[in-house]
Structures are given as C-alpha cells and as structure tokens.
Amino acid sequence: MNSAPLIPPIAAIVNLTLALFVFSRDVRATLNRVYLLLGLEVTIWNIGTFFMFHVRSEADAIFWARFLQFGVIFLPATFLHIASLVTKSQMPRAILFSYLLQ
C-alpha cells in the first residue's frame with residue numbers, strides 16, 4: 001500500500017492540533033495568536049495539496065490550486081512576525097505593510 005497520499009491530510013491534522021494546543025495555553029498572548037495564524041495557513045496549504053492532486057477535472061484543479069495559494073501567500077509575513085516576537089525585537093512596519101500588501 002502506498003501511504004504517500006495520506007501525508008497531506010495527516011500533516012493538516014497534526015498542524016491544526018498543534019496550533020490549537022499552543023493557542024489554548026494562553027489565548028491572550030500575541031505569540032500564540034500569530035502561531036495559530038501560522039498553523040491555519042499551513043493547514044490550508046496541506047488540505048489544498050491533498051485535494052489538488054485528487055481532482056477529476058481541470059476546473060477543480062484550478063480551484064484547489066487557488067485555495068492552496070490562499071494559505072501560502074501569507075506565510076512569509078507570518079514567519080517574519082513570529083521571528084520578531086520570538087527575538088523580542090522591534091516589530092518593523094514592514095510586517096504590517098506585508099500583511100496589507102498580500
């Protein structure tokens with residue numbers, strides 16, 4: 001049995017569970033909120049990857065490719081935001097601008 005097709009849905013479940021666990025530890029912490037956003041973005045990416053390769057028509061493939069991109073587009077800004085929170089550095093205005101730009 002080929003288990004490779006199960007990797008994206010399992011990754012989606014693990015990412016979502018981990019993000020919700022971290023968020024539940026302190027819902028008011030900014031770092032936990034941003035990590036939840038990151039977890040949701042990666043979960044959307046995993047779900048989109050799974051369904052994009054299990055389609056029967058070109059229109060469905062385009063839909064899932066766009067759905068997948070919805071999760072991927074915000075990842076760089078979220079990674080920058082988390083990095084600035086973890087390092088306790090001054091959050092540059094570039095983070096806000098990158099969220100708005102995307």
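# Exercises on a five-helix model

**Exercise 1. T17 in its helix**

Task: Classify T17, whose relative accessible area is 48%, as buried, partly exposed or exposed. Then find which backbone oxygen lies 2.7 Å from a polar atom of its side chain.

Solution:
1. A quick word before we start: you are working with a predicted model.
2. Recall the cut-offs: buried means under 20%, exposed means over 50%, and partly exposed lies in between.
3. The 48% of T17 falls in that middle range, so T17 is partly exposed.
4. Now find T17 in the structure: this residue is part of helix α1.
5. Look around its side chain, and you will see the backbone oxygen of I13, 2.7 Å from a polar atom of T17.
6. Here is the helix rule to keep in mind: with 3.6 residues a turn, residues three or four places apart point the same way, so partners along one face are worth looking for.
7. For a sense of distance, pick I73, which is 56 residues from T17 along the chain; their C-alpha atoms are 22 Å apart.

**Exercise 2. The whole chain**

Task: How many helices and strands does the protein have, and what share of its 102 residues counts as buried?

Solution:
1. Count the elements: there are five helices and zero strands.
2. Reading along the sequence therefore gives the pattern α-α-α-α-α, in keeping with the helix definition.
3. Next, picture the dimensions: the C-alpha atoms fill a box of roughly 50 × 30 × 20 Å along the principal axes.
4. Of the 102 residues, 24% are buried.
5. The protein exposes about 7,200 Å², and carbon and sulfur atoms account for 71% of that area.
6. Finally, take the contacts between residues at least 6 apart in sequence: 55% of these join residues at least 24 apart.

**Exercise 3. Checking helix α4**

Task: Compare the expected span of helix α4 with the distance between its end C-alpha atoms, and say which of its residues are buried.

Solution:
1. Helix α4 covers residues 75-86, which makes 12 residues.
2. At 1.5 Å a residue, the helix should span 16 Å.
3. The end C-alpha atoms are 16 Å apart, so the two values agree.
4. The buried residues of α4 are L75, A77, T78, H81, I82 and S84.
5. Their cover includes helices α2 (30-52), α3 (58-73) and α5 (93-101).
6. Zoom in on one of them, H81, which belongs to α4.
7. Its relative accessible area is 10%, under the 20% cut-off, so H81 is buried.
8. Setting aside residues up to four places away in sequence, H81 touches V34, M91, I95 and Y99.

**Exercise 4. Two residues of helix α2**

Task: What do T43 and G48 touch, leaving aside neighbours within four places in sequence?

Solution:
1. Both residues can be found in one helix: T43 sits in α2, and G48 sits in α2 too.
2. T43 is buried because its relative accessible area is 6%.
3. The contacts of T43 are A12, N15 and L16.
4. Its side chain also reaches the backbone oxygen of G39, at 2.7 Å.
5. G48 has a relative accessible area of 0%, so G48 is buried.
6. The contacts of G48 are W64, F67 and L68.
7. One more distance to try: G48 and V34 are 14 residues apart in sequence, and their C-alpha atoms are 21 Å apart.

**Exercise 5. A loop and the surface**

Task: Where does K88 lie, and is K88 buried or exposed? Which residues make up the nonpolar surface patch that includes V14?

Solution:
1. K88 comes just after α4, in the loop between α4 and α5.
2. Its relative accessible area is 75%, so K88 is exposed.
3. Check the backbone as well: phi of K88 is near 55°, a positive value in a residue other than glycine.
4. Now move to V14, which lies in helix α1 (residues 7-25).
5. Together with M1, L6 and I10, V14 forms a nonpolar patch with about 470 Å² of accessible area in total.
6. End with S24, another residue of α1.
7. At 40% relative accessibility, S24 counts as partly exposed.
8. A polar contact of 3.1 Å joins the side chains of S24 and R25.
9. From S24 to L36 there are 12 residues along the chain, and their C-alpha atoms are 9.6 Å apart.

Technical notes:
Residues numbered from 1 in each chain as written. Predicted model: local features only at pLDDT ≥ 70, side-chain atom pairs only at ≥ 80, totals over all residues. Heavy atoms only, no water. Patch = residues over 30% accessible without salt bridge, like charges linked within 9 Å, V, L, I, M, F, W, Y side chains within 5 Å. Areas by Shrake-Rupley, 256 points an atom, 1.4 Å probe, with all protein chains shown as cover. Salt bridge = Lys/Arg side-chain N within 4 Å of Asp/Glu carboxyl O. Helix = DSSP H or I, 4+ residues; strand = E, 2+ residues; numbered from the N terminus. Expected span 1.5 Å × (residues − 1). Buried < 20%, exposed > 50% of the residue type's maximum accessible area, 1.4 Å probe, protein only. Contact = heavy atoms within 4.5 Å. Polar contact = N/O pair within 3.5 Å; in protein donor to acceptor, adjacent residues only side chain to side chain.
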